[in-house]
Every structure is written in structure tokens, then in C-alpha cells.
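Trainee: Could you go through this structure with me? I'd like to hear how each label is earned.

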Amino acid sequence: MPGTYHQNEYDLVGIATGIIERKNIVDGSSVKEGDLIMGIPSNGLHTNGYSLARKLIFDVLHLGIDDMLSDQKTVVGNALLAPHKNYSQMINILIEKGFTLKSLAHITGGGLIDNVPRVFPGGLAAQININSWPKIPIFQFLIENLDLKTSELYRTFNMGIGLTIIVSPSEKDRLVSMLGEKNCYEIGIMVTDSSKQVYLNEK
Amino acid sequence: MKKKISYKDAGVDIEKADYAIASSRDVIQSTFNKNVLSSIGGFGAMYSIKDIVNQYDDPVMVQSIDGVGTKMAVAQKCNNFDFIGYDLVNACCNDVAATGAKPLTFLDYIASSSLEPKTVSEIISSIAVECKNLGVSLVGGGKLLKCRGLTIKMNMTWLVLLRGL
């Protein structure tokens with residue numbers, strides 16, 4: 001397809017195929033008011049928000065790949081290329097160990113705002129406390145340097161959460177002790193609300 | 001009058017493409033398990049599901065397609081392709097697992113107007129290493145390599161799949 005791709009531009013696409021027992025499909029249908037939203041940390045941008053991050057870092061701030069972010073510790077190139085974390089093994093193990101995971105949202109394009117509501121029923125909304133997990137340097141940098149509404153920021157980037165798991169409150173302690181408290185944060189709660197959306201709160 | 005113009009003259013260098021495939025062959029094969037029936041270079045990726053399906057009462061197949069977007073531009077800027085395959089594999093396998101499913105196979109598609117085969121080989125190896133880490137078979141041994149503005153089709157499997165989706 002000559003002419004389809006510009007010089008020095010390239011595309012990398014993949015297709016994964018898996019299998020599941022029909023009755024075990026995790027689709028969020030059993031989520032109810034009072035269930036907890038647990039956030040599993042990301043490593044960085046994963047694979048979303050790069051067009052904006054690149055524009056800010058390279059075109060507007062004129063930083064190079066070997067320059068430091070504002071924390072003076074994190075190298076730009078390394079921060080941007082931090083690999084997309086795998087969650088499939090963790091999910092498969094949790095299910096094998098008998099955890100009841102009511103809803104799983106892989107936080108990709110659209111961030112927490114667009115992805116979490118894909119997997120809970122109507123009549124509910126997600127209240128998320130955006131200060132309930134630590135922000136790694138790349139996200140601290142984006143918060144400090146982008147004049148964007150919080151909702152836009154959390155729609156463009158994963159902001160440090162790569163996967164959300166909705167569980168009943170009784171499952172929380174077992175999940176945190178299985179994954180470790182730095183690998184699993186309680187970031188929100190499901191509430192009755194006709195909007196079927198995510199509300200971002202400061203506390 | 002007939003014109004003497006070869007495929008190579010037109011910009012398609014099959015030898016270069018062969019290099020990319022050959023140098024990733026071992027690492028791709030390392031992801032294969034007993035269910036993989038096809039070998040690299042076949043027209044269709046074949047994966048036996050009999051033993052797996054027998055473990056399920058009502059098995060459902062789950063598929064996801066995704067890409068790495070413009071993270072590729074950063075990898076190119078840094079000339080570092082070590083983990084771009086991890087990004088790709090996890091972008092897709094995490095989506096599959098978000099239904100609760102266990103990922104089994106992976107196919108990939110690389111397209112460019114100006115990629116060097118060495119870079120393609122590094123990218124494929126990175127994909128294969130992460131597939132291996134996850135116990136996922138990289139069954140789509142095919143590559144669609146668009147070198148220097150032109151297309152070299154090494155295997156139609158992926159094209160057919162992409163069109164099918």
C-alpha cells in the first residue's frame with residue numbers, strides 16, 4: 001500500500017484471542033451500590049495519551065529524550081517508554097483463587113472517565129477520589145505542566161491506574177492482602193445515580 | 001518494447017524481509033506449545049483447541065485488537081524497541097483478560113514505509129518475548145513489511161484477519 005504510510009511513520013497492531021467459561025464472564029452486571037472500586041497501578045502512560053504528551057514535552061517544552069522531568073530524577077525517554085503493564089496473569093490467578101471480581105476495566109483510551117462505566121449497570125455511578133493513590137513522576141509532571149480541566153486530564157491519560165476491579169466490600173481486605181497494599185488501592189465507591197458516569201473527587 | 005525492471009528495482013527487497021523473519025524465528029518458535037500446528041510461513045495460523053475446550057462446559061472465545069499508537073514514535077526517537085512489543089501484547093491481552101478470559105494466542109501486524117529489517121526484527125522479538133512470558137503463542141508468524149514505501153507480503157494470515165475484523 002504505497003502512499004498509505006508517511007515516511008518514518010509506522011504502525012504496530014496486535015490481536016489476542018482467549019477463552020473463558022461462559023458463566024464466568026466478568027461483565028459488571030452484578031455491581032451494586034456500595035461496591036468498592038479498587039485501582040491497580042500503571043507503569044506510566046501505557047499506550048494512551050502519547051500525542052498530547054509528545055506535543056507538550058517535545059514541541060512545547062522543547063525537552064529532549066535525555067532531559068529530566070521536573071523532579072530532576074526521571075529521564076524523559078525512560079518515563080515515556082515505561083512498558084504497558086500486564087494484568088492478564090494477575091486477573092487469571094485471582095479468578096483461579098476464587099476471588100469474585102464483579103467488574104474489570106482496563107484503563108486505556110478514555111481513561112478512568114470512559115472505561116470504568118463500560119462495565120457497570122445503569123442506575124449507578126462511580127465516585128472516585130483522585131488523591132487516593134500516589135502519582136508517579138510522569139503524571140505529576142503532566143499535572144504541573146498542562147492547563148487542562150481535571151476531567152480532560154483523566155480522560156486523556158490513565159493517571160496512574162491501569163486497571164480497576166470492582167468488588168463487594170467483604171472481598172476488599174483479602175484482595176489487598178493478596179496483591180499488596182502498594183499494588184491495590186481503594187479509589188472509589190459505587191453509588192446510586194442515574195448518570196452511569198464517573199465523578200472525580202478531591203477526597 | 002518490454003522493460004527490464006525487477007521487484008528489487010521497484011523498492012521491494014525480499015532478501016531484507018527474509019532477514020527480519022529469519023532472525024526472529026527462534027524467539028517466535030519459543031512461544032509455541034503443543035497446540036500450535038502451523039509453522040512460520042504458513043498461510044493460516046492453526047491452533048488446536050480440543051484439549052483446552054474439553055476443560056470447559058460452555059467455552060467462549062474472546063478477541064481483542066489494539067495498537068501502540070504514537071508510542072511507536074517515541075520508541076523510534078529513542079531508537080529503543082526493547083519493550084514496544086510488551087506494550088502491544090499487554091494492550092491486547094489485558095483487554096481479553098478484562099472479561100475474565102485467559103489469552104491463548106497472539107497475532108501482530110507491522111506496517112511502515114521506511115522500517116529497517118533489523119528494527120522489525122527487534123520489534124517482533126520483543127513481542128515474542130512477552131508472549132513467552134505470558135504463555136501466549138505468537139501464532140501469526142506472518143509479517144506485512146512495508147519497506148521503503150513499498151509492501152512486502154510475507155504471509156497473508158494477518159491481512160485476512162484484519163479484514164475479517
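**Labels and the values behind them**

Mentor: Let's start with one residue: T164(A) sits in strand β5 of chain A. Keep in mind that this is a predicted model.

Trainee: Why is T164(A) called buried?

Mentor: Compare the value with the cut-off. Buried means under 20% relative accessible area. T164(A) has a relative accessible area of 1%, so it counts as buried.

Trainee: Which residues does T164(A) touch?

Mentor: Leaving out residues up to four places away in sequence, its contacts include I37(A), M38(A), S103(A), L104(A) and I187(A). To count as a contact, heavy atoms have to be within 4.5 Å.

Trainee: What makes β3(A) and β5(A) a pair?

Mentor: Two strands pair if there are at least two bridges between them. β3(A) and β5(A), residues 161–167, have four bridges, in the antiparallel sense. One of the residues involved is S103(A), whose bridge partner in β5(A) is I166(A).

Trainee: Where do those two strands sit in their sheet?

Mentor: The sheet is open, has six strands and follows the order β3-β5-β2-β6-β4-β7 in chain A, with mixed pairing.

Trainee: Why are β3 and β7 of chain A said to stand at the edges?

Mentor: Count partners. β3 (103–106) and β7 (198–201) each have a single partner strand, so one side of each has no neighbour in the sheet. By the way, the twist from one strand to the next averages 25 degrees.

Trainee: What lies across that sheet's strands β2, β5 and β6 of chain A?

Mentor: Helix α7 of chain A, residues 172–179, does, and it runs at about 5 degrees to β2(A).

Trainee: How do you know that β1 of chain A is largely enclosed?

Mentor: Use the buried cut-off again, residue by residue. In β1(A), residues 10–21, 11 of the 12 residues are buried, so the rest of the structure largely encloses this strand.

Trainee: Which strands of chain B pair with β1(A)?

Mentor: One is β2(B), residues 102–112, with 10 antiparallel bridges to β1(A). Another is β1(B), antiparallel as well, over nine bridges. Set both against the minimum: at least two bridges are needed for a pair.

Trainee: Can you show me this at one residue?

Mentor: Take V13(A). In β2(B) its bridge partner is Y109(B), and in β1(B) V13(A) stands opposite G67(B). Elsewhere in β1(A), Y10(A) stands opposite S112(B) in β2(B).

Trainee: What is the order of the sheet that these strands form?

Mentor: It's an open sheet of four strands, β1(B)-β1(A)-β2(B)-β3(B), with mixed pairing. β1 and β3 (137–138) of chain B are the edge strands, as each pairs on one side only. Helix α5(B) packs on this sheet, touching β1 of chain A as well as β2 and β3 of chain B, and its direction makes about 170 degrees with that of β2(B).

Trainee: How many residues are in contact between the two chains?

Mentor: 46 residues of chain A contact 70 residues of chain B. The area buried between the chains is about 5,100 Å², with carbon and sulfur atoms giving 60% of it. On the chain A side, Y10(A), L12(A) and I15(A) lose the most area, together 18% of what that side buries.

Trainee: Is V68(B) buried or exposed?

Mentor: Buried: under 20% is the cut-off, and V68(B) has a relative accessible area of 0%, so it meets that test. V68(B) lies in the loop between β1 (59–67) and α3 (71–78) of chain B. Its contacts reach both chains: L12(A), T47(A), I84(B), D87(B) and L88(B), not counting residues up to four places away in sequence.

Trainee: And what about chain B as a whole?

Mentor: Chain B has six helices and five strands. Of its 165 residues, 51% count as buried. Chain B exposes about 7,800 Å², with 55% of that supplied by carbon and sulfur atoms.

Trainee: Which residues touch the most other members of the largest nonpolar core?

Mentor: L80(A) and F106(B), out of 70 residues in that core. Helix α5 of chain B, residues 117–134, gives the core its largest share, seven residues. There's also a second, separate core of 20 residues, including M90(A), I91(A), A97(B) and A98(B).

How values were computed: Residues numbered from 1 in each chain as written. Chains lettered and ligands numbered in written order. Predicted model: local features only at pLDDT ≥ 70, side-chain atom pairs only at ≥ 80, totals over all residues. Heavy atoms only, no water. Buried < 20%, exposed > 50% of the residue type's maximum accessible area, 1.4 Å probe, protein only. Axes fitted to C-alpha atoms, helices over the stretch in contact; angles between N-to-C directions. Areas by Shrake-Rupley, 256 points an atom, 1.4 Å probe, with all protein chains shown as cover. Core = buried A, V, L, I, M, F, W, Y, C linked by side-chain atoms within 4.5 Å. Buried area = accessible area lost by both parts, 1.4 Å probe.
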